[in-house]
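Work through the following exercises with the sequence and the model side by side, trying each task before reading its solution.

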Amino acid sequence: MSDRYDVVVVGAGIVGLATARALTARLPGAALGVIEKEPAVATHQSGHNSGVLHTGLYYTPGSLRARLCVAGHRAMTEFCQEAGLPFRAGGKVVVATSEAQVPRLDELQRRGALNGVQGLRRVGPEELRELEPHASGVAALAVPQAAAVDFAAVARHIAAGLAAEVGTDAPLEAVEVAAEGVRLHAGGRSWQARLVLNCAGLHSDRVARLAGASPEVRIVPFRGEYYRLSEQAASLCRSLIYPVPDPAFPFLGVHFTRRVDGTVEVGPNAVLALGREHYRDRSPNLADVAEMLRFGGFWRLVARHWRAGSAEFWRSRIRRVYARSARALVPEVRGADLLAGGAGVRAQAVGADGRLLDDFCIQESPGFVHVLNAPSPAATASLAIGDHLADLAVRRLLA
């Protein structure tokens with residue numbers, strides 16, 4: 001195996017793999033490498049999510065997040081169909097459960113239209129019942145382009161077809177940046193590259209610091225916990241049923257998702273994770289917690305969102321509280337209908353002022369391009385993010 005590459009991507013989640021795929025198209029014949037600390041690709045965020053293919057409805061018009069989500073939705077739809085990967089169409093409804101939420105529904109419709117989301121339409125309670133017979137609300141926004149895919153399967157399919165070396169079981173240990181390029185020490189060997197793309201997700205800020213950069217943000221992990229509906233209750237949801245989100249909090253709230261395998265998932269909530277890989281079946285990581293507590297932005301975040309955080313904590317601990325949130329959308333759901341599901345950890349960038357970054361965040365440093373914030377809809381947007389990063393890389397290499 002050669003240790004010299006034109007470009008190395010750190011992180012074999014769906015964003016890193018999509019970036020490597022885009023690079024092979026733009027740099028034919030180039031030597032490309034991907035390094036991943038886990039024994040397989042798509043181990044973390046790419047393999048622990050709801051599988052929803054978002055449309056670009058929620059995001060600030062003109063933002064990088066909005067533009068790449070809309071382009072990524074189109075690209076991912078075509079990719080799954082051409083590759084024969086699991087894809088479930090059906091659309092979704094975003095439901096206002098009170099008159100007070102209707103102005104926020106109006107704002108979502110406005111944003112979606114400005115972002116180029118096709119087919120949006122407002123529906124009243126009767127038409128909502130036609131689309132989702134068991135949902136309840138005073139008004140809703142129908143979003144026909146929304147769908148569900150298996151992002152882990154997409155990532156594995158991309159990895160299998162890459163004209164690049166993918167090195168797994170290769171945690172990044174050290175970085176040397178020099179005028180002639182970058183040397184990465186990972187997995188017991190060195191990788192020499194002209195340019196490195198940091199797509200390390202939950203550890204992206206740490207990789208940036210290893211590279212000598214001083215990112216202004218830190219990753220604060222949030223765990224999303226899911227339930228699934230029992231077989232008897234699964235008929236309560238046809239496709240996707242969402243609440244109107246809280247504009248002050250960058251999480252979409254507990255919702256219903258009929259996945260590609262036909263099961264119906266409920267969630268996620270959003271609780272502070274006690275570690276960057278703190279899933280339901282893992283113990284807290286005390287080193288991660290200590291690092292978080294030393295970050296001033298974390299305490300400002302707590303001061304800003306303690307009420308919402310407390311509500312999420314109780315919803316996490318008490319199933320009947322979780323069921324109450326689900327019943328706001330689908331009144332027939334009962335606590336006994338909720339079976340234990342999976343969990344994922346979201347890599348959320350937080351600024352020193354305690355603000356949760358809303359947009360995707362990409363920064364450059366000598367020898368590196370860093371993806372420092374790519375939360376949902378990063379999986380939806382991954383192919384478009386890959387194109388964007390590959391274009392940045394080509395410009396850097398040709399400069």
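**Exercise 1. Placing L397**

Determine which residues L397 contacts beyond its neighbours within four places in sequence, and decide whether L397 is buried or exposed.

Solution. In this predicted model, L397 is in contact with D6, V7, L27, R194 and L195, once its neighbours within four places in sequence are set aside. The next step is to locate the residue, and L397 is found in helix α10. Its relative accessible area is 15%, and because the cut-off for buried is under 20%, L397 counts as buried. As a last check on the fold around this residue, the C-alpha atoms of L397 and G367 are separated by 9.8 Å, although the two residues are 30 apart along the chain.

**Exercise 2. The nonpolar cores**

Identify which residues touch the most other members of the largest nonpolar core, and find which helix gives the most to this core.

Solution. The largest nonpolar core has 51 residues, and L23, L197 and L389 are the ones that touch the most other members. Helix α10, which spans residues 378–398, gives the most to this core, with twelve residues. Taking L197 as a worked case and leaving aside its neighbours within four places in sequence, one finds contacts with V7, V8, V9, V10, T19, L23, V369, L389 and A393. There is also a second, separate core of 25 residues, which includes A140, Y227, C237 and V333. As background, nonpolar side chains in soluble globular proteins tend to be buried together.

**Exercise 3. Strands and their partners**

State how β1 and β2 run relative to each other, parallel or antiparallel, and then work out which strands stand at the edges of the three-stranded open sheet.

Solution. Four bridges join β1 to β2, and these strands run parallel; within the pairing, V7 stands opposite L32 in β2. In a regular strand the side chains alternate between the two faces of the sheet. In strand β2 (residues 32–35), L32 and V34 lie on one side and G33 and I35 on the other, and with all of them buried both faces are covered.

For the open sheet, begin with its order, which is β3-β8-β4 with antiparallel pairing. Strands β3 (52–53) and β4 (87–88) each have a single partner strand and therefore stand at the edges, so that one side of each is left without a neighbour in the sheet. The pairing of β3 with strand β8 (residues 147–149) is antiparallel and rests on two bridges, and the bridge partner of V52 in β8 is A148.

**Exercise 4. Aromatic pairs and charges over rings**

Find how many aromatic pairs the whole structure holds, and classify the pair formed by Y5 and W191.

Solution. A search of the whole structure finds four aromatic pairs. For Y5 and W191 the ring centres are 5.4 Å apart and the planes differ by 25°, which makes the pair stacked because the cut-off for stacking is under 30 degrees. Y5 lies in strand β1 (residues 4–10) and W191 in strand β12 (residues 189–198), so the pair ties together parts that are 186 residues apart in sequence. Both Y5 and W191 are buried.

Another pair is made by Y227 and Y322, whose ring centres are 4.6 Å apart with planes at 70°, so this pair is edge-to-face. Since Y227 belongs to strand β13 (residues 217–229) and Y322 to helix α9 (residues 319–327), the pair ties together parts that are 95 residues apart in sequence. Y227 and Y322 are buried as well.

The final step is to look for charges over these rings. R189 lies over the face of W191, at 3.9 Å from the ring centre, while the charged end of R280 sits over the ring of Y227, 5.4 Å from its centre.

**Exercise 5. Two buried polar residues**

Determine what the side chains of H255 and N115 reach through polar contacts.

Solution. H255 is in strand β15 (residues 255–258) and counts as buried at 4% relative accessibility. Its side chain is joined to that of Y242 by a polar contact of 3.3 Å. N115 is in helix α3 (residues 102–115) and is buried too, with a relative accessible area of 11%. The side chain of N115 reaches the backbone oxygen of Y59 at 3.0 Å, and residues in contact with N115 include G56, T60 and V70.

Conventions: Residues are numbered from 1 along each chain as its sequence is written. This is a predicted model: local features need pLDDT of at least 70, side-chain atom pairs count only at pLDDT 80 or more; totals for chains, interfaces and linings use all residues. Side-chain values use heavy atoms; hydrogens and water are left out. Buried means under 20% relative accessible area, exposed over 50%, partly exposed in between (1.4 Å probe, protein chains only). A polar contact is a pair of N or O atoms within 3.5 Å; within protein, one must be able to donate a hydrogen and the other to accept it, and residues adjacent in sequence count only if both atoms are side-chain atoms. Rings of Phe, Tyr and Trp (its six-membered ring) pair if their centres lie within 6.5 Å; planes under 30 degrees apart count as stacked, over 60 as edge-to-face and the rest as tilted. A charge sits over a ring if NZ of Lys or CZ of Arg is within 6 Å of the ring centre and within 35 degrees of the ring normal. Two strands pair if DSSP finds at least two bridges between them. A nonpolar core is a set of buried Ala, Val, Leu, Ile, Met, Phe, Trp, Tyr and Cys residues joined through side-chain atoms within 4.5 Å. Contact means heavy atoms within 4.5 Å.
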